2 protein chains.
Amino acid sequence: MTRSTIHDVARVARVSLSTVDRVLNDRNRVRPATRARVEEAVRALGYVRNAAAANLSRQRRFRFLFVLPAGANSFMRNLEREVVAYARSLAAEGVEAEVRLVPPFDGEALFRELDALTPGAFDGTAFVAVDSPAVRRAVARLQAADLGVVTLVSDLPADLRAHFIGIDNIRAGRTAARLLGGFCGDRAGRIAVVAGAMRVNDHAERYAGFRQVLAQDFPHLEALPPVEALDDAGRAETRLAALLDATEDVVGIYSLGAGNRGVVAALGRRDPAPPVVVHELTEHSRRWLLEGRIDAVIRQDPAREARAALRTLLALSQGKPFDRDENRVGIEIFLRDNLP
Amino acid sequence: MTRSTIHDVARVARVSLSTVDRVLNDRNRVRPATRARVEEAVRALGYVRNAAAANLSRQRRFRFLFVLPAGANSFMRNLEREVVAYARSLAAEGVEAEVRLVPPFDGEALFRELDALTPGAFDGTAFVAVDSPAVRRAVARLQAADLGVVTLVSDLPADLRAHFIGIDNIRAGRTAARLLGGFCGDRAGRIAVVAGAMRVNDHAERYAGFRQVLAQDFPHLEALPPVEALDDAGRAETRLAALLDATEDVVGIYSLGAGNRGVVAALGRRDPAPPVVVHELTEHSRRWLLEGRIDAVIRQDPAREARAALRTLLALSQGKPFDRDENRVGIEIFLRDNLP
DNA sequence: CGAAAAATGAGGTACGTTGGTCAAAACGCG
DNA sequence: CGCGTTTTGACCAACGTACCTCATTTTTCG
């Protein structure tokens, strides 16, 4: 039961190979009647184009540029690794990805990379968005030049119509609240929140979602204003410790950005330990989970994000049909028992 | 910067195409000195074989048989759909998968399918294991005949060395206990457990893991012996209702198999509603989650499992190098806020 | 009806690899 | 050195599709 080819289609439709080719690739004029015959044959045979052969023949290559934040952020380093790995596995389909690192949270640096992008060199780009007018202009220019543009992890305003690959951070915050609310049971009190910087969109959104659920479903719990740690563990520790000392009724902790090391340090051996929910799975958070120092980790899977971004860019570059669902990135919850 | 080909390798190594081919595909004798020259050229050029062209040429096809339980179990139906879908997307690499359905929990039926398998017709098989001596014999025979054998979702004893694609069901049960234990807070009492059939390994393992965590970390909770529903919602409802009527102190429900519809029906509008954790995400469980009738869903992603199974079979059939991590299936937790 | 225009067919080359055949060259050994 | 044996090179036909040219048929319309 070998797969049918354009030769089979031609035979069944009683036309020549050339005509099948013209229909399939929408070349020059073909009479509607003939076109219908070919399409009918395609349907009858269940013909699907052999993508490998097609790419081989047309010798098409897809070059994509990924611009990611440099630095020690382990989520980003994982993401980088996954991009490289998945690009390699798509090599047979003509995909090549180049990764460039820029200083984190630096709109100017990101803009320079995007601005230097010429349509000749790349077919599309994916980057962790920092929102700034210059970046928006660069994106508009790239889209006008018909390059695929994908924002990764952190988004830009939707009207730019770049595709976004990442989680819904409002729902991530809601999920954290649901977990923490459940774990707190009937205990009433307040929740300490540690953030990176509220001026980053994803952190602000997580906090908003977190408060939504507390207000609606756990009215006996209240979120304190976030401690801003700026991804700095020392700062997180000092400020959180101060907050805990100053506040009697803290019944839970939500850490929605980086700097978890400081959070755990600040908790030290306070007793009783309140339930703790943090973001991102690292070797540290994994160990703390196993040791029972934290109770749950929420994360987005960098492997899925890398794959989704590459598949999206590929879909944008060639035809288009591309599966929104397949490219959705989930909000994952880890307890100590379901660690990967 | 177009990719290098065997032609380039031949030129750089100053040998003919044939010799490059002989080295690359380990054909007949090549003098060590020549082989070294070719390998050096490969390294220098960073040559990697164009897999698309190779498969195109060698016209190798891989036929795999999937044996899945028939019936309304929606996890299995999703799995079936994903297998078909992913097989289609691997069609360019020569993969074809056939799915056959057998009565669920029926070792005899499974055995008959496996036993009828001849090495000529298929290159490998994946199936949801029902453990029985006959099935074990059939698996041994298939492996002796050098067919790839993969157990899916439910495993056989490991010494048979079939690859297993699915979640660690002990840990899935532990995860359920951790969640339910957390949600029960300080309330003491017993947990009602609803299973499909304890003679399928996965259900027995989930129950075991569930009890481990309760015993260790939630000593005020006790798991009742499982109600066996055999994937039948009506039966689940009747039995669970009877159990709830007969037992005063049920503070939580764990449904570890199919038949969730019955579980929810049995709970009806009992008040207060105990926390409920179930397995598998379906349109029903999704709705119940949103309505607050159940509190958490644990699932294994059928799409991932389908992909992992096919990739594993493919790896077994051809060379081998295959990524254990990439093919791991996670234990996912869904609350109403992080539904996909 | 006949000419121009449109549609279709026939056939070729190419993509990178596989897997042959056969002849030529290099090698090993007595 | 000459023999047989190994190793190597040169060539070719696939695989399924793309894309090209040129000839031939069919359609359209004045």
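A residue counts as near a strand if one of its heavy atoms lies within 4 Å of that strand. Keep this in mind as you work through the exercises on this predicted model.

**Exercise 1. Find which element gives the largest share of the surface near DNA strand C.**

Solution. Start with the whole surface: 27 residues surround DNA strand C. The closest are Ser16(A), Thr19(A), Arg29(A), Thr34(A) and Tyr47(B). Now look at the element that contributes most: α4(B) supplies 4 residues, the largest share.

**Exercise 2. Sort the residues near DNA strand C by class, and say which part of the strand they meet.**

Solution. First, the protein side: the surface holds 11 polar, 9 charged and 7 nonpolar residues. Next, turn to the strand. Among its atoms within 4 Å of the protein, 64% belong to sugar or phosphate, and the rest to bases.

**Exercise 3. Locate polar atoms of chain A that lie close to phosphate or base atoms of DNA strand C, using a cut-off of 3.5 Å for a polar contact.**

Solution. Take the phosphate first: a polar backbone atom of Ser16(A) is 2.7 Å from a phosphate oxygen of DNA strand C. Then go to the bases. Ser18(A) places a polar side-chain atom 3.1 Å from a base nitrogen of the strand, while for Ser57(A) a polar backbone atom is 3.1 Å from a base oxygen. To finish, place the surface on the fold: the elements giving two or more residues to it are α2 (17–24) and α4 (51–58) in chain A, with α1 (6–13) and α4 (51–58) in chain B.

**Exercise 4. Work out how much area is buried between chain B and chain A, and which residues of chain B lose the most.**

Solution. Begin with the residues in contact: 34 come from chain A and 33 from chain B. The area buried between the two chains is about 3,100 Å², and carbon and sulfur atoms give 48% of it. On the chain B side, Arg3(B), Arg178(B) and Asp337(B) lose the most area to chain A, together 18% of what that side buries.

**Exercise 5. Describe the charged and polar links between chain B and chain A.**

Solution. Count the salt bridges first: there are 8 between the chains. One pairs Asp217(A) with Arg336(B), whose closest N and O atoms are 3.9 Å apart. Then add the polar contacts, found for 12 residue pairs across the interface, both residues at pLDDT 80 or more. Finally, see what chain B brings: α8(B) provides 7 residues, the largest share of the side touching chain A. By class, that side has 16 charged, 13 nonpolar and 4 polar residues.

Technical notes: Residues numbered from 1 in each chain as written. Chains lettered and ligands numbered in written order. Predicted model: local features only at pLDDT ≥ 70, side-chain atom pairs only at ≥ 80, totals over all residues. Heavy atoms only, no water. Polar contact = N/O pair within 3.5 Å; in protein donor to acceptor, adjacent residues only side chain to side chain. Nonpolar A, V, L, I, M, F, W, Y, C, P; charged D, E, K, R; others polar. Contact = heavy atoms within 4.5 Å. Buried area = accessible area lost by both parts, 1.4 Å probe. Salt bridge = Lys/Arg side-chain N within 4 Å of Asp/Glu carboxyl O.
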